[in-house]
Amino acid sequence: MGWVKRLALLIGTIVLATVVGWTGRDTQAASISSLITSYQPQLKTSQEKTSYTDSAGKTQQATISHPGITMSAEQLETMQKEVRAGAEPWADAFNAYANDSFAKKNPRIYFQPGNDIFIHILGPWRSGNYANPSEYVGDRVNKDGATIFKQTIMWYITGDIAYRANAMNAIRQYEKIQSALSAYNFRFATLTYWLAASAEILRATDCQDSSLNWTQNDTDNLTRVFNVLSVTYNAHSYWMNQHQFNVLGTMGRALFTNNYQLYAEAVEATTVNNAGAHGGNNGSIMYQMRLMTKNDQTGEPVSTAEQHVQLIEMGRDVGHAWDDVGGLSTLAQTIYSQGTKVDPATGTISTADNAVNPFNFLNDRILAGTTYMIRYEKGENVLWTPADSSRGIYTQINPAGRGRIDPFLGILYNYYKYDQKVNMNDDKYRPLTQAYEARMPEGTSPDYPAAGTLLFTRSSAN
């Protein structure tokens, strides 16, 4: 071989090593999206020192990180950097995200400024042409919340001020809410979560137009709106996946307003929810991803050999059961983004040596319940123990729609693969790995952040 050919081969080898990496994983850069602008938003991070009273009645010092509702600053910066570089898997995931109707530059906003029931939220009774005005408004504000979040993510990645204008203008419409009757509708908890998660990023970034920068007035107005909407939900008494929406709203409100006491309450409501029903309708990690030690139909104990974790709402239907995966994963991710650990048994915030990350609470209980569902949806036979739902006993899994895999696996996958650094082909993790990787990039949702490939892939993937 001549020296020219040898030099060409050497250069090719160096380039290949740079693009593919010595791990063998193909991280070749894709074409950079035409949506990316020259303006790159920069995060302003902060640490708010505060205090709270723990479960033992002692005053504890604590810190709230901003931004830190679902996504940490590190995750936000990784996502932005990798998409703007055209790196995979972020580039393909971004292209899919940008094609979501909620992420377009001309999204539909459902808020009706001239309709008083969007300003003064009514209870569930007839008002004019609406049989249930709170449901009419609730459905629309849920869509708007998801749209605002997706516009915010698009702004942060691309730097295109059109997305920021969409998000800020919509939030400022919602800042006009004046009152709400004390009548339950969990969609206003969802709205609170979406607004808080979006505001965290908008508040942490400036833009080319000062009129679209976040102001103290925006913070004050949104805080007031969160307090107004809080009468429509609480973190303890609602049914299964609806419980999780309520906790999401509570947690988002607490973190945005630096209310650590309320945040601590939301953390415990995520893990155990001791103030709620012990079993039945409780949507916490402990009770929704339940270790079955008793047959609730017969009252007989389950033998040690047959004890297993099952996702209780599978007895209802597949869609709402997937909501439990989405809700609990999102809550755990938010707690994790704050660097908060919990007592391994009680689920309360803890700084003790044996404290665990929420994903690892009760021996990786979210993963266990999710794996149980994945196995069933992929056609495996799984043991089901009759379980109380507070609305009767679920004697079997509802088989309707079997085979459905919803886009809520990315949070768990990325945590275990990149942060825990486990072997994702081990038996414990293989169902999650196969289900997630078969659907990459993970899709979006109007109810949860989802889009795990874009939002949660760690920098170490590159």
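**Group meeting: two cis prolines, a strand pair and a buried valine**

Good morning, colleagues. Pro-67 sits in the loop that links strand S2 (59-66) to helix H2 (73-85). Helices and strands here are DSSP runs, H or I over at least four residues for a helix and E over at least two for a strand, numbered from the N terminus. The peptide bond leading from His-66 into Pro-67 is cis, and its omega is near -10°.

Before going further, a word on the basis of these values. The model is predicted, with local features requiring pLDDT of at least 70 and side-chain atom pairs counted only at pLDDT 80 or more, while totals for chains, interfaces and linings use all residues. Residues are numbered from 1 along each chain as its sequence is written, and side-chain values use heavy atoms, leaving out hydrogens and water.

A second cis bond joins Met-440 to Pro-441, with omega near -5°. Pro-441 belongs to the loop between helix H14 (430-437) and helix H15 (452-456). Ala-450 is found in that loop between H14 and H15, and its phi is positive, near 45°, although the residue is not glycine. Is Ala-450 buried or exposed? Ala-450 is buried, because its relative accessible area is 6%; the term means under 20% relative accessible area, exposed means over 50%, and partly exposed lies in between, with a 1.4 Å probe and protein chains only.

Asn-363, in helix H12 (residues 361-377), is another non-glycine residue with a positive phi, about 55°. The relative accessible area of Asn-363 is 71%, so this residue counts as exposed.

I turn now to the strands. Strands S5 (residues 289-292) and S6 run antiparallel and are joined by four bridges; pairing requires that DSSP find at least two bridges between the strands. Within this pair, Leu-291 stands opposite Val-309 of S6. In a regular strand, side chains alternate between the two faces of the sheet. In S6 (residues 308-311), His-308 and Gln-310 point one way, Val-309 and Leu-311 point the other way, and all are buried.

Which residues does Val-325 touch, leaving aside those up to four places away in sequence? They are Met-289, Leu-311, Thr-370, Phe-408 and Leu-409, where a contact means heavy atoms within 4.5 Å. Val-325 itself lies in helix H11 (residues 318-337) and is buried, because its relative accessible area is 0%. From Val-325 to Tyr-416 the C-alpha distance is 15 Å, with their positions 91 residues apart in sequence.

Finally, the protein as a whole. It contains 15 helices and eight strands. For 462 residues a compact globule would have a radius of gyration near 23 Å, and the protein has 23 Å, so the two agree; the radius is taken over C-alpha atoms, and the rule is 2.2 Å times the number of residues to the power 0.38. Along the principal axes, the C-alpha atoms fill a box of roughly 80 × 60 × 50 Å. Buried residues make up 57% of the 462. Of the contacts between residues at least 6 apart in sequence, 71% join residues at least 24 apart.

The exposed surface is about 18,900 Å², of which carbon and sulfur atoms supply 49%; areas come from the Shrake-Rupley method with a 1.4 Å probe, and for residues only the protein chains shown count as cover. There are 38 positive and 42 negative side chains, and the centres of these two sets are 4 Å apart. Lys and Arg count as positive, Asp and Glu as negative, and His and the chain ends are not counted; each charge is placed at NZ of Lys, CZ of Arg, CG of Asp or CD of Glu.

Thank you.
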